[in-house]
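Welcome, and thanks for taking a look at this one. Please have the sequence and the 3D view open while you read.

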Number of protein chains: 2
Amino acid sequence: MASPKTPKHQTREERARKTVAKIRKLAADTVETVRRQDNPAIDIPIRALSNVSFNEETRLIQLGDRAQHREFFNVSMAKKFMQTFLVASACKDLLESGKTTSIRDLFYMTKHTIKGARENTFDDQTESDIIIEDLEVSLDALREELHLFAAKRGSMVGPLTIVDAGDTIDLSHMGSGGWSIPSITEEEIIQFKKSEAQYILLVEKEAVWHRLNEDKFWKKHKCALVTGNGQATRGVRRLLQRMTRELGIPLYVLVDNDPWGLYIYSVIKQGSISLAYESMRMAVPDARFLGLRSRDFKRFKLSDDVRIDLEKEDETRAKQMLAYPWFKAKHWQEEISDLLKCGFKMEIEALSNKDISFVTDVYIPEKIGKGDWLT
Amino acid sequence: MASPKTPKHQTREERARKTVAKIRKLAADTVETVRRQDNPAIDIPIRALSNVSFNEETRLIQLGDRAQHREFFNVSMAKKFMQTFLVASACKDLLESGKTTSIRDLFYMTKHTIKGARENTFDDQTESDIIIEDLEVSLDALREELHLFAAKRGSMVGPLTIVDAGDTIDLSHMGSGGWSIPSITEEEIIQFKKSEAQYILLVEKEAVWHRLNEDKFWKKHKCALVTGNGQATRGVRRLLQRMTRELGIPLYVLVDNDPWGLYIYSVIKQGSISLAYESMRMAVPDARFLGLRSRDFKRFKLSDDVRIDLEKEDETRAKQMLAYPWFKAKHWQEEISDLLKCGFKMEIEALSNKDISFVTDVYIPEKIGKGDWLT
């Protein structure tokens with residue numbers, strides 16, 4: 001029984017107090033500027049391709065140093081300035097009451113008509129969502145630390161016991177449905193109590209997760225079985241990173257053989273451009289890519305029936321990927337070129353064309369057994 | 001502690017044997033027809049508005065008696081005839097191996113190029129999905145009984161203990177994530193072991209479910225708290241029906257104040273037109289509609305900020321609903337007319353504009369306490 005290398009967890013209250021302190025400091029600095037009769041301003045790091053780079057050493061997509069100086073006395077910035085403090089204030093209320101809420105709820109909490117004007121604080125949620133990201137980077141506090149969450153998605157089962165919001169849950173007795181991975185998987189909510197898992201297997205498709213769960217793959221192979229139902233949410237990514245670190249086990253990723261599958265893997269591995277500021281907290285640079293790979297078509301003698309012609313969009317996407325610095329290694333260039341050369345893509349479900357449990361009995365054990373993965 | 005009125009459950013094997021027997025009979029009848037040198041045919045009940053009606057007595061949307069006579073010796077029907085047996089045969093394999101699979105997987109299992117021809121058995125999944133529905137109605141076996149499932153969605157927590165695929169799960173210790181409701185919730189997979197729940201509360205929005213779970217609403221009010229994350233899946237609907245019957249408790253439904261929310265409620269209550277053949281197994285005619293209602297705007301003194309103008313599409317949809325026989329009762333006509341007259345819709349999250357826990361502390365307890373719901 002591996003004993004999880006659990007770091008000393010801050011309690012939820014301690015963590016909340018720290019975040020509140022950051023918000024208070026932001027406000028106090030601004031008040032101070034006003035007192036000095038200066039133009040109050042906040043520096044918001046720029047979140048665009050132009051300010052993002054791939055750090056070869058950490059193998060993460062990271063945000064650069066460029067920032068926008070958001071001023072109050074500036075017609076084009078005054079509204080955003082006001083919105084920033086409105087959202088910060090609502091987050092402070094959440095933190096102080098110990099409650100968490102959805103980014104949709106936050107929009108409603110902060111939306112109102114400004115007194116004596118016909119102007120709304122926010123007209124739609126896209127406006128408040130951007131401000132949330134602004135606050136995350138400028139306060140260096142993830143939205144989960146601001147007590148905000150996006151939609152929940154994904155499930156897990158396996159030979160491990162966790163604590164979720166104070167409840168101890170044995171993930172080896174979760175039936176057919178599994179444990180529903182919450183939106184916030186920070187250490188003050190989720191802790192790992194004990195684990196016999198020797199690795200984590202993340203599958204893109206929920207149907208494949210179901211197949212593996214029904215076949216009790218995780219029991220035989222002692223692994224934590226996770227699905228993100230498509231692209232992994234922030235909650236799933238944070239959980240995966242924490243498991244690899246705290247349990248000291250590797251992560252294998254099984255996705256469709258198409259550019260979208262490669263993208264899902266790539267975000268898990270080194271983060272994404274739009275959320276580069278959170279790579280440090282979510283990415284797993286050592287994540288192992290199990291497939292599906294174009295060469296699997298021949299290797300596993302799959303039938304022509306499972307080939308799906310690449311669409312124009314797939315080709316464009318794959319060609320973009322060839323240019324990404326994080327796919328510059330020779331094996332990735334080959335992998336992506338293989339896809340383009342073959343001219344077809346495949347879904348993981350394609351393996352069912354051979355046999356319904358082919359993925360369980362042959363594909364995964366053989367790949368992991370032979371060390372046949374890419375990183 | 002209420003003791004669930006659990007009917008004698010068939011085991012999974014008994015149930016599978018019955019379904020296999022139905023498939024065998026279909027095949028045997030066809031072989032018999034061939035031996036008689038007749039044209040083999042299957043009668044497939046027609047699943048269209050023209051063959052659907054609202055049964056005032058059962059208060060369910062039900063399928064009529066009209067059927068299509070699908071013949072083998074008929075150029076326009078031969079392919080579908082072949083497909084029907086192909087899918088039936090794959091389901092028989094699933095049932096005999098005790099495995100379940102996704103409808104996507106089934107497509108791959110049955111897709112191949114016909115020997116000596118360039119014709120594929122199926123070109124895309126929409127073709128096999130239709131055949132699955134054909135088989136469901138003609139065999140009188142839901143897809144879950146054919147061991148097929150669609151995507152999984154939805155979560156539950158509450159003061160009850162269930163058995164899921166042999167694992168006993170206490171739903172009062174499920175942390176922040178909850179129990180993930182599986183795609184197949186038939187009695188041979190899910191059983192109710194003990195329950196203190198006095199009612200079921202289904203909320204459309206996952207974020208609202210999260211709010212209620214964090215506030216431990218289900219603990220204070222002794223209810224099973226369920227979200228369908230939007231429209232309830234077949235698995236969720238089947239589970240709700242079974243809970244109302246086997247636990248003998250009422251179901252309350254909380255949805256957005258818009259035509260889509262009314263539709264979600266209406267499908268839970270009396271079934272849908274496209275899946276009329278399964279109403280008997282899934283609908284809960286006594287389901288209680290808690291809101292959100294147009295009149296809540298004034299009653300709870302909500303702010304103008306939460307009003308969202310109705311779009312053309314909303315108006316069209318609401319007008320269609322006025323004409324449905326299942327909304328003919330005076331109170332429903334008033335409810336839908338109210339929405340049209342107000343000219344705006346509201347989301348449940350709108351209640352957060354008053355206070356983040358307004359839905360938990362005021363809205364739901366007050367409505368249930370005063371018996372203020374529609375059926």
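Here is a short tour of the two chains, their contact and a few chosen residues.

Please keep in mind that this is a predicted model. Chains A and B touch each other through 43 residues of chain A and 42 residues of chain B. Helix H3 is a good place to begin, since seven of its eight residues are buried in chain A, and seven of eight are buried in chain B too.

**How the two copies are related**

- A turn of 180 degrees with a shift of 0.0 Å along the axis lays chain A on chain B, and the RMSD is 0.0 Å.
- The two copies are thus related as by a two-fold rotation axis.
- To find that axis in your viewer, go to A:Ser180: its C-alpha is the one in chain A nearest the axis, at 2.5 Å.
- Both copies use the same surface, with 98% of the contact residues of chain A recurring in chain B.

**The side of chain A that touches chain B**

- Between them, 43 residues of chain A and 42 residues of chain B are in contact.
- On the chain A side, the elements that give two or more residues are strand E5 (101-102), H3, strand E9 (167-170), strand E10 (179-180) and helix H5 (206-214).
- H5(A) provides the largest share of this side, with five residues.
- Sorted by class, this side of chain A has 14 nonpolar, 16 polar and 13 charged residues.

**Helix H3 in chain A**

- How much of H3(A) is buried? Seven of its eight residues are, so the helix is largely enclosed by the rest of the structure.
- The buried residues are A:Arg104, A:Asp105, A:Leu106, A:Phe107, A:Tyr108, A:Met109 and A:Thr110.
- They pack against H2, E5, helix H4 (125-139) and strand E6 (148-149) of chain A, together with helix H5 (206-214) of chain B.

**Where H2 meets H3 in chain A**

- Helix H2 (residues 78-97) and helix H3 (residues 103-110) of chain A have axes that come within 10 Å and cross at roughly 110 degrees.
- H2(A) and H3(A) are therefore roughly perpendicular to each other.
- Their crossing is right-handed.
- Which residues meet here? From H2(A) come A:Leu86, A:Val87 and A:Ala90, and from H3(A) come A:Leu106, A:Met109 and A:Thr110.
- By class, the contact has five nonpolar residues, one polar residue and no charged ones.

**Helix H3 in chain B**

- H3(B) (residues 103-110) is largely enclosed by the rest of the structure, because seven of its eight residues are buried.
- Its buried residues are B:Arg104, B:Asp105, B:Leu106, B:Phe107, B:Tyr108, B:Met109 and B:Thr110.
- Their cover includes H5 of chain A, along with helix H2 (78-97), strand E5 (101-102), helix H4 (125-139) and strand E6 (148-149) of chain B.

**Two partly exposed residues to look up**

- A:Cys342 lies in helix H12 (residues 330-342) of chain A.
- With 16 other C-beta atoms within 10 Å, A:Cys342 is partly exposed.
- The C-alpha atoms of A:Cys342 and A:Asp309 are separated by 9.1 Å, while the two residues are 33 residues apart along the chain.
- B:Val362 sits in helix H13 (residues 358-369) of chain B.
- Is B:Val362 buried or partly exposed? B:Val362 is partly exposed, with 14 other C-beta atoms within 10 Å.
- B:Val362 and B:Phe300 are 62 residues apart along the chain, and their C-alpha atoms are separated by 9.5 Å.

How values were computed: Residues are numbered from 1 along each chain as its sequence is written. Chains are lettered from A and ligands numbered from 1 in the order in which they are written. This is a predicted model: local features need pLDDT of at least 70, side-chain atom pairs count only at pLDDT 80 or more; totals for chains, interfaces and linings use all residues. Axes are lines fitted to C-alpha atoms, for helices over the stretch in contact, and angles run from 0 to 180 degrees between N-to-C directions. Helices (H or I, at least four residues) and strands (E, at least two) are DSSP runs, numbered from the N terminus. Angles under 35 degrees count as roughly parallel, over 145 as roughly antiparallel, 65 to 115 as roughly perpendicular and the rest as oblique. A crossing is left-handed if the near helix is turned anticlockwise from the far one by less than a right angle, and right-handed if clockwise. Two residues are in contact if their C-beta atoms, placed from the backbone, lie within 7 Å. Ala, Val, Leu, Ile, Met, Phe, Trp, Tyr, Cys and Pro count as nonpolar, Asp, Glu, Lys and Arg as charged, and the others, Gly among them, as polar. Copies are superposed by least squares on the C-alpha atoms of residues with pLDDT of at least 70 in both. A residue is buried if 20 or more other C-beta atoms lie within 10 Å of its own, exposed if 12 or fewer, and partly exposed in between; C-beta atoms are placed from the backbone.
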